[in-house]
Amino acid sequence: MIRLFTFIGLIILSLPAYAQFSYDLWTTNYRTGLPGETLIILGDLVNNSGEDITIHITRTEENVPGDWETAMCTDVCQIPSISQVNYTLLWGEYQTYSMYFYTSPLNEGSGDVTIRMVNLADTTNVITQEFFASTETAVSNSQVTDLGNQVMVFPTLVNDVINFKLPPTLFIRSEDLRLNIFNASGNLVHSTFVTNELTQISRDNLSTGTYFFSLQDESGVIKSGKLMFQ
């Protein structure tokens, strides 16, 4: 009988724990910009376990001006009216989760969104993340615009490599410079930290079409624009 209890105990102790995930922000959970800009806050859902995980993501709170909208983005961006989605994160992989704030071009404003992420296999694995955004037309924004105007992007039509030439003063102002490229559907297809005045991005496997880029630091977007891959 003692041996039986010992055997059962060993079985219980050896039962595998549920796989868990984490969410890691790229920089901060706060973005600022000019009225009318799309403000994007990014982070990574990370599965460091040996099992696939299905995560239920819900927008539990949305406190934004009436002429703003927000969108939840994993591998695709949901329309603003969608407030919940399931995403299966394969074991050992990560997926960028982005919070989009579509701001009004007419007025300054601020808002926040709360997102709740739950592991459906282990409901104790819950992450609640707040995101904040604001727009203003202060003098500091004109300084950011001046820096953005000094950023050179070439060539206009991209075959293999696109170049981003940044002014040296930008590195004095910013600690974390990140360059993001999105496809026409708003999905993030490339992201990299910028550490040199001349940054070259290889086209790799990106198909022909229209793309958008966003150069941003811890304070918000410095320059954004359109790219044409041919």
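What share of the contacts in the protein with a separation of 6 or more comes from residues 24 or more positions apart? That share is 67%. Keep in mind that this is a predicted model. The protein has 230 residues, and 42% of them count as buried. Its secondary structure comes to three helices and 17 strands. Here's a quick tour of the spots worth opening in your viewer.

**Overall surface**

- The accessible surface of the protein adds up to about 12,400 Å². Carbon and sulfur atoms hold 53% of that area.
- One nonpolar patch on the surface is built from Met152, Phe154 and Leu198, which together expose about 270 Å².
- Met152 sits in strand 10, covering residues 152–154, and counts as partly exposed because its relative accessibility is 46%.

**The disulfide**

- The structure has one disulfide, and it links Cys73 to Cys77. The two sulfur atoms are 2.0 Å apart.
- The torsion about the S-S bond of Cys73 and Cys77 is about 110 degrees, so this disulfide is right-handed.
- Cys73 has 2% relative accessibility, so it counts as buried. Cys77 has 21%, so it counts as partly exposed; the cut-off for buried is under 20%.

**The salt bridge**

- Side chains of opposite charge can pair when their charged atoms come close.
- There's one salt bridge in the structure. It joins the side chains of Glu62 and Arg59, with an N to O distance of 3.8 Å.
- On the Glu62 side, the relative accessible area is 38%, so that residue is partly exposed. Arg59 is down at 11%, so it is buried.

**Two asparagines in strands**

- Asn86 belongs to strand 6, residues 84–89. With a relative accessible area of 45%, Asn86 is partly exposed.
- The side chain of Asn86 makes a polar contact with the side chain of His56, at 2.5 Å.
- His56 also turns up among the contacts of Asn86 beyond four places in sequence, alongside Thr54, Ile55 and Leu120.
- Asn86 and Thr58 are 28 residues apart in sequence, and their C-alpha atoms are 8.8 Å apart.
- Asn183 is part of strand 13, which runs over residues 178–183.
- A polar atom of the Asn183 side chain lies 2.9 Å from the backbone nitrogen of Asn187.
- Leaving out neighbours within four places in sequence, Asn183 touches Val189, Thr210, Tyr211 and Phe212. Strand 16 spans 209–217, so Thr210, Tyr211 and Phe212 are the contacts to look for there.

**Buried residues and their contacts**

- Where does Leu177 lie? You'll find Leu177 in the loop between helix 3 (169–173) and strand 13.
- Is Leu177 buried or exposed? Its relative accessible area is 2%, so Leu177 is buried.
- Beyond four places in sequence, the contacts of Leu177 include Leu166, Leu170 and Phe171. Thr192, Phe193 and Val194 are also among them, as are Leu215, Gln216, Asp217 and Ile222.
- Leu177 and Ser219 are 42 residues apart in sequence, with a C-alpha to C-alpha distance of 9.9 Å.
- Thr32 is in strand 2, residues 30–33. Thr32 has a relative accessible area of 17%, so it is buried too.
- Neighbours within four places aside, Thr32 is in contact with Leu39, Ser134, Ser219, Gly220 and Val221.

**Backbone details to check**

- The peptide bond from Phe154 to Pro155 is cis, with omega near 0 degrees. Pro155 lies in the loop between strand 10 and strand 11 (157–158).
- Phe154 is worth a second look, since this residue also belongs to the nonpolar patch with Met152 and Leu198.
- Asp204 isn't a glycine, yet its phi is positive, near 55 degrees.
- Asp204 is placed in the loop between strand 15 (198–202) and strand 16 (209–217). Its relative accessible area is 59%, so Asp204 is exposed.

Notes. Residues are numbered from 1 along each chain as its sequence is written. This is a predicted model: local features need pLDDT of at least 70, side-chain atom pairs count only at pLDDT 80 or more; totals for chains, interfaces and linings use all residues. Side-chain values use heavy atoms; hydrogens and water are left out. Helices (H or I, at least four residues) and strands (E, at least two) are DSSP runs, numbered from the N terminus. Buried means under 20% relative accessible area, exposed over 50%, partly exposed in between (1.4 Å probe, protein chains only). Contact means heavy atoms within 4.5 Å. A polar contact is a pair of N or O atoms within 3.5 Å; within protein, one must be able to donate a hydrogen and the other to accept it, and residues adjacent in sequence count only if both atoms are side-chain atoms. A disulfide is a pair of cysteine sulfur atoms within 2.5 Å. Patches are made of residues with over 30% relative accessible area and no salt bridge: like charges are joined within 9 Å, nonpolar side chains (Val, Leu, Ile, Met, Phe, Trp, Tyr) within 5 Å. Accessible areas come from the Shrake-Rupley method with a 1.4 Å probe; for residues, only the protein chains shown count as cover. A salt bridge is a side-chain nitrogen of Lys or Arg within 4 Å of a carboxyl oxygen of Asp or Glu.
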